[in-house]
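Me: I've just opened my first protein model and I'm not sure how to read it. Could you walk me through it?

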Amino acid sequence: MRFIWIVTLLVLLSPWASACETDRGSAAKVISSLEQASLNINVADVTALQRLRGIGAVKAQAIVEHRQTHGAFASVDELLEVKGIGKALLQRNRTLLTVD
């Protein structure tokens with residue numbers, strides 16, 4: 001009798017488990033697409049820049065101020081001129097950045 005109860009319980013929970021897997025898969029796709037969306041550093045505001053890995057409010061503000069002071073970035077590599085932006089941080093985000 002106990003075996004039948006366990007099997008019944010598993011059958012009843014099966015659709016719920018499948019739905020959870022689908023939700024997790026959908027969430028992963030959304031996160032992946034957000035991470036892959038490119039960001040133009042010549043027009044991005046402080047909030048948008050904070051989407052980048054390792055960029056908080058202070059570094060995002062420094063990027064915007066550098067752009068306002070020195071003009072548009074000619075290349076993504078010019079981010080290295082911004083205080084607090086190093087090679088590792090740039091490499092971590094390079095695939096997400098554009099200067100259109």
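Me: Let's start with one helix. Which exposed residues does the face of α3 turned away from its buried side carry?

Reply: Keep in mind that this is a predicted model. The general idea comes first: an α-helix has 3.6 residues a turn, so residues three or four places apart point the same way. Now the case here: on the face of α3 turned away from its buried side you'll find the exposed residues Val58, Gln68, Thr69 and His70.

Me: And which residues of α3 are buried?

Reply: Those are Ala60, Ile63, Val64, His66 and Arg67. Look down the axis of α3 and its buried residues fall within an arc of 155°, so they line one face of the helix. They pack against α2.

Me: How far apart should the ends of α3 be, and how far apart are they?

Reply: You can work out what to expect at 1.5 Å a residue: the 14 residues of α3 should span 20 Å. The end C-alpha atoms are 20 Å apart, which agrees. Right after α3 comes Gly71, with a positive phi near 90°.

Me: Can we zoom in on His66? Is His66 buried or exposed, and what is it in contact with?

Reply: His66 lies in helix α3. Buried means under 20% relative accessible area. His66 has 12%, so it counts as buried. Leaving aside its neighbours within four places in sequence, His66 is in contact with Gly71, Phe73, Glu81 and Val82.

Me: Now the core. How many residues does the largest nonpolar core have?

Reply: General idea again: in soluble globular proteins, nonpolar side chains tend to be buried together. In this model the largest nonpolar core has 19 residues, and those with the most contacts inside it are Leu49, Leu52, Ile55, Ile63, Leu79, Ile85 and Leu97. At least two residues of this core come from each of α2 (46–49), α3 (57–70) and α4 (87–93). The largest share, 3 residues, is supplied by α3.

Me: What does Ile55 touch?

Reply: If you don't count residues up to four places away in sequence, Ile55 touches Leu49, Gln50, Ala60, Ile63, Ile85 and Leu89.

Me: Where is Leu79 found?

Reply: Leu79 sits in the loop between α3 and α4. With a relative accessible area of just 4%, Leu79 is buried. Skip residues up to four places away in sequence, and Leu79 touches Ile41, Ile63, Phe73, Ile85, Leu90 and Leu97. Try a distance too: Leu79 and Arg67 are 12 residues apart along the chain, and their C-alpha atoms are separated by 9.5 Å.

Me: Time to zoom out. What pattern does the protein follow along the sequence?

Reply: You read helices and strands in order, and here that gives α-β-α-α-α-β. That's 4 helices and 2 strands. Of the 100 residues in the protein, 24% are buried. The accessible surface comes to about 7,100 Å², and 62% of that belongs to carbon and sulfur atoms.

Me: Last one: which residues does UniProt list for a domain?

Reply: An unreviewed UniProt entry lists residues 47–66 and 77–96 for "domain: Helix-hairpin-helix DNA-binding motif class". In the model, residues 47–66 are 65% helix and 0% strand, with end C-alpha atoms 16 Å apart. Residues 77–96 are 35% helix and 0% strand, and there the end C-alpha atoms are 13 Å apart.

Conventions: Residues are numbered from 1 along each chain as its sequence is written. This is a predicted model: local features need pLDDT of at least 70, side-chain atom pairs count only at pLDDT 80 or more; totals for chains, interfaces and linings use all residues. Side-chain values use heavy atoms; hydrogens and water are left out. A nonpolar core is a set of buried Ala, Val, Leu, Ile, Met, Phe, Trp, Tyr and Cys residues joined through side-chain atoms within 4.5 Å. Buried means under 20% relative accessible area, exposed over 50%, partly exposed in between (1.4 Å probe, protein chains only). Contact means heavy atoms within 4.5 Å. The expected span of a helix is 1.5 Å times one less than its number of residues. The arc is that of the directions from the helix axis to the C-beta atoms. Accessible areas come from the Shrake-Rupley method with a 1.4 Å probe; for residues, only the protein chains shown count as cover. UniProt positions are given in the numbering used here, feature names are shortened, and annotations may be inferred rather than shown by experiment.
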